[in-house]
Number of protein chains: 2
Amino acid sequence: MGLTKTEIFTDVQNEIATLAKAFAHPARVAILHHLFKTNSCICGDLVEEIGLAQATISQHLKELKTLGLIKGSIEGTSVCYCIDQDKWSEMKHVLNVFFNQDITSNDCC
Amino acid sequence: MGLTKTEIFTDVQNEIATLAKAFAHPARVAILHHLFKTNSCICGDLVEEIGLAQATISQHLKELKTLGLIKGSIEGTSVCYCIDQDKWSEMKHVLNVFFNQDITSNDCC
DNA sequence: AATATTAATCGTAATATTGCAATATATAAA
DNA sequence: TTTATATATTGCAATATTACGATTAATATT
């Protein structure tokens, strides 16, 4: 099928999955890495930096933008992208709550 | 294509993407939620708990097991699954290093 | 206005993922 | 040994994702 049955899961479960999907492709991880490293707004450099076609990078940027993790502002003919710090913090919080479930659990097998 | 070009990314980038994929589907998040909540080893209850077919749950369990995040031990006819605490901690560390890149960066647009 | 530059979008091909019925396997119980 | 129970595997069908060339759109430059 390939169709996730989102309706049978909780909102939190769906949110975690949606956020995780952002990092589930190395190209998007690389884009975020680069945006952090340069600490400035990058645009077409990403195409050069990462070895993928412009259309592909643009598509990955769109996914990250749709999620709200990055934002872009037009500067002349180019677009300046950067991390959305607020959304990034929010994402970290949601995922950390999930990741830190283990603090009270024990091994059992 | 649908074929990720893993060779053009760093090992860390690929590792982050691979780990994130584990959480990129709500069914796997639900499985992990349940394994934590019961704090004991669950097997076929997951099929009942989550509303997916046995074959589907089994497939998701396999993915989590392949990644090493969970482990299963045979107990009679059933299989007892639980979180692999060591691998879980390792995963948290890798992802947190990635998530905490933001502490030194500023907004720029 | 004409041209160059940059990024988004469209269309398409190929691979991946999700889900399930059916079947296989393996152990427990009778 | 037969039967029941539980899980894994196989074989699809359908949808999603990845990637890219070509095109479009929008602004800058000349």
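**Exercise 1. How the copies meet**

Determine through which surface the copies meet in this predicted model, and what relation links chain A to chain B.

*Solution.* Begin with the interface residues: 100% of those in chain A are also interface residues in chain B, so the copies meet through the same surface. Next, superpose the chains: a turn of 180° with a shift of 0.0 Å along the axis lays chain A on chain B with an RMSD of 0.0 Å. That is the relation of a two-fold axis. Finally, locate the axis within the chain: in chain A, the C-alpha nearest the axis belongs to Ala20(A) and lies 2.7 Å from it.

**Exercise 2. Ala20(A) and the nonpolar core**

Find which residues Ala20(A) touches, leaving aside those up to four places away in sequence, and state which members of the largest nonpolar core touch the most other members.

*Solution.* Take the contacts of Ala20(A) first: with residues up to four places away in sequence left out, Ala20(A) touches Ala20(B), Phe23(B) and Ala24(B). Then turn to the largest nonpolar core, which has 60 residues, and in which Ala20(A), Ile31(A), Ala20(B) and Ile31(B) touch the most other members. As background, nonpolar side chains in soluble globular proteins tend to be buried together.

**Exercise 3. The fold and extent of chain A**

Describe the order of helices and strands in chain A, and decide whether the chain is more spread out than a compact globule or not.

*Solution.* Chain A has five helices and two strands, and along the sequence these follow the pattern α-α-α-α-β-β-α. The radius of gyration of chain A is 17 Å, whereas the globule rule gives 13 Å for 109 residues; the value is well over the rule, so the chain is more spread out than a compact globule. The C-alpha trace of chain A spans about 55 × 35 × 25 Å along its principal axes. Buried residues account for 33% of the 109 residues in chain A, and, among contacts between residues at least 6 apart in sequence, 47% join residues at least 24 apart.

**Exercise 4. The surface near DNA strand D**

Establish how many residues surround DNA strand D, and which element gives the most to this surface.

*Solution.* Count the residues first: 30 surround DNA strand D, and the closest are Gly2(A), Ala55(A), Cys43(B), Gly44(B) and Ser78(B). Then assign elements: at least two residues each come from helix H4 (54-67) of chain A, and from helix H4 (54-67) and strand S2 (78-83) of chain B. H4(B) gives the most, with six residues. By character, the surface near DNA strand D divides into 13 nonpolar, 15 polar and two charged residues.

Definitions and conventions:
Residues are numbered from 1 along each chain as its sequence is written. Chains are lettered from A and ligands numbered from 1 in the order in which they are written. This is a predicted model: local features need pLDDT of at least 70, side-chain atom pairs count only at pLDDT 80 or more; totals for chains, interfaces and linings use all residues. Helices (H or I, at least four residues) and strands (E, at least two) are DSSP runs, numbered from the N terminus. The radius of gyration is taken over C-alpha atoms; the globule rule is 2.2 Å times the number of residues to the power 0.38. A residue is buried if 20 or more other C-beta atoms lie within 10 Å of its own, exposed if 12 or fewer, and partly exposed in between; C-beta atoms are placed from the backbone. Two residues are in contact if their C-beta atoms, placed from the backbone, lie within 7 Å. A residue is near a molecule or strand if its C-beta atom, placed from the backbone, lies within 6 Å of it. Ala, Val, Leu, Ile, Met, Phe, Trp, Tyr, Cys and Pro count as nonpolar, Asp, Glu, Lys and Arg as charged, and the others, Gly among them, as polar. A nonpolar core is a set of buried Ala, Val, Leu, Ile, Met, Phe, Trp, Tyr and Cys residues joined through C-beta atoms within 7 Å. Copies are superposed by least squares on the C-alpha atoms of residues with pLDDT of at least 70 in both.
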